[in-house]
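Here is a short guided tour for the bench. Have the sequence and the 3D view at hand as you read.

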Amino acid sequence: AAQASGFDAMSVFPIDFKGWIDSGLSGGQIRRKFQAAGVQAAIVDPFVQWTPEFEIPSDYPAENVAFINHTEDEVFAMAAALDATQINAVEGLGKLHERSALIDALGGFAHRANQRGLKVGLEPMPISSITSLSDGWDLVETINADNLGLTFDTWHFWRSDPGHSVLRAIPADKSFDVLLDDAKTQLHGSLFDDLLWHRLFPGEGDFDLETTIGVLQEMGAFNSVGHELFSNAMDALSASKVAALSAAILDQYI
């Protein structure tokens with residue numbers, strides 16, 4: 001579907017990679033399937049267990065454990081098998097940490113990733129303790145590692161603290177990826193529900209994406225761009241239909 005709609009790269013969930021392995025495919029077979037389609041499996045996303053003293057809480061929803069239960073060694077092995085170039089790091093539990101501890105943990109992970117030729121994209125999220133773009137940029141700027149940058153998602157940006165002055169202050173080469181998505185101003189249920197089930201394509205919601213996209217274009221920040229739409233509406237469509245819609249929307253905005 002990605003190939004047919006003109007995409008040359010995509011991200012891969014660790015849970016999906018593990019599912020393919022469990023189905024009997026080898027890492028090499030998975031990589032060759034991507035290569036045959038001319039689509040790079042460029043990013044392993046997300047990686048959650050980089051945070052200090054990581055432990056899955058006992059009350060964490062059982063149905064979500066498999067999505068985040070992947071160790072550093074496992075995601076490094078996935079990236080190697082796929083010939084991926086980047087791992088996306090998120091703080092996925094909303095657990096508060098001392099800033100110094102986050103700096104040490106993220107800096108250490110970035111260093112180990114760099115030894116393997118991998119970039120690390122930190123993705124701030126309003127459901128996490130690294131809530132805003134400002135929070136994420138503070139960590140990335142302080143650590144100051146060549147292979148550490150930001151994954152910028154417009155849903156997360158507009159659902160947290162959409163400060164375009166902060167965005168403008170970020171060097172373009174620290175914008176590793178841009179994810180364009182929209183939503184209605186009014187939440188559908190909780191913030192978590194809205195994030196997982198009700199994201200929209202740009203232009204279908206109420207965010208001022210015209211301003212945000214304009215700033216990103218001024219910055220020269222579109223080094224890699226796509227959509228990240230967790231959505232009931234998208235789930236009801238075929239992969240080919242979603243890919244075609246994604247490509248058509250990107251053509252309108254980029």
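How do the residues of the lining of the second largest cavity divide into nonpolar, polar and charged? They divide into 7 nonpolar, 1 polar and 1 charged. Please keep in mind that this is a predicted model.

**Cavities**

The count comes to 2 cavities of 30 Å³ or more. The second largest cavity has a volume of about 50 Å³, and its lining is made up of Leu133, Leu150, Phe152, Leu167, Ile170, Lys174, Ser175, Leu216 and Met219. Two elements, S5 and H10, each give two or more residues to this lining.

The largest cavity holds about 60 Å³ of space. Around this cavity you will find Pro124, Thr131, Ser132, Leu133, Thr151, Phe152, Asp153, His156, Phe157 and Ser160. Strand S5 (148-153) and helix H7 (154-159) are the elements that give two or more residues to this lining, and S5 provides the largest share, with 3 residues. Here the residues divide into 4 nonpolar, 5 polar and 1 charged. Leu133 lines the largest cavity and also appears in the lining of the second largest cavity. Phe152 likewise lines the largest cavity and the second largest cavity.

**Salt bridges**

Next come the charged pairs. The model has 9 salt bridges, and the table shows some of them.

| Basic partner | Acidic partner | Closest N to O distance |
|---|---|---|
| Arginine 31 | Aspartate 83 | 4.0 Å |
| Arginine 99 | Aspartate 138 | 2.7 Å |
| Arginine 199 | Glutamate 228 | 3.3 Å |

Arginine 199 and glutamate 228 form a salt bridge. Arginine 199 lies in the loop between helix H9 (191-197) and helix H10 (209-219), and glutamate 228 lies in the loop between strand S7 (225-226) and helix H11 (232-235), so the pair ties together parts 29 residues apart in sequence. Are these partners buried or exposed? Arginine 199 is buried, because its relative accessible area is 2%, which is under the 20% cut-off. Glutamate 228 counts as buried too, at 14% relative accessibility. Salt bridges that share partners join Asp153, Asp181, Arg199 and Glu228 into one network. Asp153 is also one of the residues that line the largest cavity.

Arginine 99 and aspartate 138 form another salt bridge. Arginine 99 sits in helix H5 (residues 99-114) and aspartate 138 in helix H6 (residues 133-143), so this pair ties together parts that are 39 residues apart in sequence. Arginine 99 is partly exposed, with a relative accessible area of 43%, and aspartate 138 is partly exposed at 28%.

The side chains of arginine 31 and aspartate 83 also meet in a salt bridge. This pair links distant parts of the chain, 52 residues apart: arginine 31 is in helix H2 (residues 27-37), while aspartate 83 is in the loop between helix H4 (72-82) and strand S3 (86-89). Arginine 31 counts as partly exposed at 22% relative accessibility, and aspartate 83 is partly exposed at 43%.

**Backbone**

Most residues other than glycine have a negative phi, and most peptide bonds are trans. Which sites stand apart from this pattern? Aspartate 83 has a positive phi of about 60° although it is not a glycine. Glutamate 53, also not a glycine, has a positive phi of about 50°; glutamate 53 lies in the loop between S2 and helix H3 (62-68) and is exposed, with a relative accessible area of 75%. Finally, a cis peptide bond with an omega of about 5° joins aspartate 45 and proline 46, and proline 46 is found in strand S2 (residues 40-47).

Technical notes: Residues are numbered from 1 along each chain as its sequence is written. This is a predicted model: local features need pLDDT of at least 70, side-chain atom pairs count only at pLDDT 80 or more; totals for chains, interfaces and linings use all residues. Side-chain values use heavy atoms; hydrogens and water are left out. Helices (H or I, at least four residues) and strands (E, at least two) are DSSP runs, numbered from the N terminus. Buried means under 20% relative accessible area, exposed over 50%, partly exposed in between (1.4 Å probe, protein chains only). On a 1 Å grid over the protein atoms alone, a cavity is a set of points where a 1.4 Å probe fits but cannot get out, and a pocket is an open set with protein on both sides within 12 Å along at least five of seven lines; lining residues have an atom within 4 Å of a point. Grid points are joined across faces, edges and corners, and a volume is the space filled by probe spheres set on the points. Ala, Val, Leu, Ile, Met, Phe, Trp, Tyr, Cys and Pro count as nonpolar, Asp, Glu, Lys and Arg as charged, and the others, Gly among them, as polar.
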